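Biologist: Please take a close look at a single part of this protein, and explain its surroundings in terms that a first-year student can follow.

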Amino acid sequence: MTSTRTAPPATRAERLPSPRWITVQFVLAGIVWGASFLFMKVSLTGISPAQVAWTRILLGALTLGALVLLRREHLTRSLKVWAHLTVLGLTFCVIPFLLFSWAQQHVSSGVASIFNATTPIMTAIMAWLVFRVERLKALQVLGIGVGILGVVVIIAPWQGIALDGSLVAEFAILGATASYGFSFAYMRRFVSNTGMSALAFTFGYIAMAGVVMALLTPFLVLTPVRLDVPIVVSLLLLGCLGTGIAYVWNQNTVRAWGPTRASTVTYITPVVGVILGILILGETITWNEPIGALVVFLGILLAQDRLRTRRADASGSRHPLFSRLRKVSPAGARPAGRA
C-alpha cells in the first residue's frame, strides 16, 4: 500500500475542499441520486434492468477515467488495495445497481427512493455488528429498531401480505441498501489510507465494477433494446453524472465527515425522488409511505446519536460523531481512502 507520508502536508491541505464546498457537494449528490430513480424508471421503458446497470457503470467509469487522465491523478500500485477496490466495486455498484434496476420494474421511483433512505441504518448495523468499527449505545440500538419499524410502516403489512413482485422488489431494494451500508463500513475498516485522491479512489472501485460488468456482458446485456431521446438522456445522466461525478462528491463528503454522517445524503434523495416521480411520471403515494419515511429518519437520528445536545469538544468538533470516529478509528487513519 502506498504510504500516506509521501505527499507533504501542505500539498494534502491544498487538495482538501473547503467545508462550504463539501456541504454543496453533499447536497448536489443527494439531488442527483434522488433524480437517479427517475432516470432508471425512464431507461427501463426501452432496455432491461441488467442493461441499465451495465450502462451506468461503464459510463461512470469512462467519465471518471477521463478526469483521472486529464488531472494526471495518482493510482496505487498495491494489489491489496485493488483487491479492496474490487470488493467495493461489487458491493457499492454491481450488486445494488442490479437490484435497484430490477426492483423498479415493480415499484414506483418514489417508493424506491424512500426505501433508499434506509442506507444509514444499514451502515450503522454493518459498522456495529459486521466490522466492529463502531460501538453503539443502547439509544442507538433503539434507533436501528425504530428504523426497522419505519420500513414495516412503508411495506404496510396490515393491508395484506401478497408475495407478488412489489413485495419482492421492496426486499430487493433493502438488499441494495444493505450492500451500500456494507460498502461504507468496509471503506472505513479496510481502505482508510490508500494514497489516492477522492477522484482516483472513486475511479478505482467504479472501474473494477466496470471490469466485472464487462465480463458479465455475454450473460446479462445481449438482449434487444429500444432507444429514444429520453432513454439516451436518462442513461447519460445516470451514468456520467449519477455514477460518475456524484460519487466523487460523495467520496469527498465521506472523507470530510466520516461514512456514517455522509450516508445521511439519503435524507435528500427520497424528497427529490418522490417529487420528480409525482411531477414527471404521474406517480402517487399512499399515506403510510411518507409516514414510514419519517419514522426511518427518526431511527437514523437515534442510531447516529444526533438528538443529544451538540457541544464542541476540546478539539473544536461540532458534532459528537467526530469524537466517536477518532476513538474507534486506527491511529492516523482517515475515512475512505484519504491520501
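Modeller: Contact here means that heavy atoms lie within 4.5 Å of each other. In that sense, and leaving aside neighbours within four places in sequence, Tyr205 is in contact with Leu85, Leu88, Gly89, Phe92, Cys93, Met187, Tyr247 and Gln251.

Some conventions must be stated before going further. This is a predicted model, in which local features need pLDDT (the predictor's confidence in each residue, from 0 to 100) of at least 70 and side-chain atom pairs count only at pLDDT 80 or more, while totals for chains, interfaces and linings use all residues. Residues are numbered from 1 along each chain as its sequence is written, and side-chain values use heavy atoms, with hydrogens and water left out.

Tyr205 belongs to the largest nonpolar core, which has 90 residues. A nonpolar core is a set of buried Ala, Val, Leu, Ile, Met, Phe, Trp, Tyr and Cys residues joined through side-chain atoms within 4.5 Å; buried means under 20% relative accessible area with a 1.4 Å probe, protein chains only. Cys93, Tyr205 and Tyr247 have the most contacts inside this core. Two of these, Cys93 and Tyr247, appear in the list of partners of Tyr205.

Which helix gives the most to this core? Helix 8, residues 165–190, does so with 12 residues; helices are DSSP runs of H or I, at least four residues, numbered from the N terminus.

Helix 8 also holds Ser179. This serine counts as buried because its relative accessibility is 8%. Beyond its neighbours within four places in sequence, Ser179 is in contact with Thr91, Ile95 and Pro96. The C-alpha atom of Ser179 is separated by 9.4 Å from that of Met126, although the two residues are 53 apart along the chain.

Met126 leads to helix 6, which covers residues 119–130. Met126 is buried there, as are Thr119, Pro120, Ile121, Met122, Thr123, Ala124 and Ala127. Just after helix 6, Arg132 takes a positive phi of about 55°.

Finally, the confidence of the prediction deserves attention. The protein chain averages a pLDDT of 84, and 84% of the residues score at least 70. Over residues 1–14, however, the pLDDT is below 50, and this stretch has 16 contacts in the model beyond near neighbours in sequence. Residues 309–339 also have a pLDDT below 50, with 70 contacts in the model beyond near neighbours in sequence. Where pLDDT is low, the predicted coordinates should not be read in detail.

Definitions and conventions. Buried means under 20% relative accessible area, exposed over 50%, partly exposed in between (1.4 Å probe, protein chains only). Helices (H or I, at least four residues) and strands (E, at least two) are DSSP runs, numbered from the N terminus.
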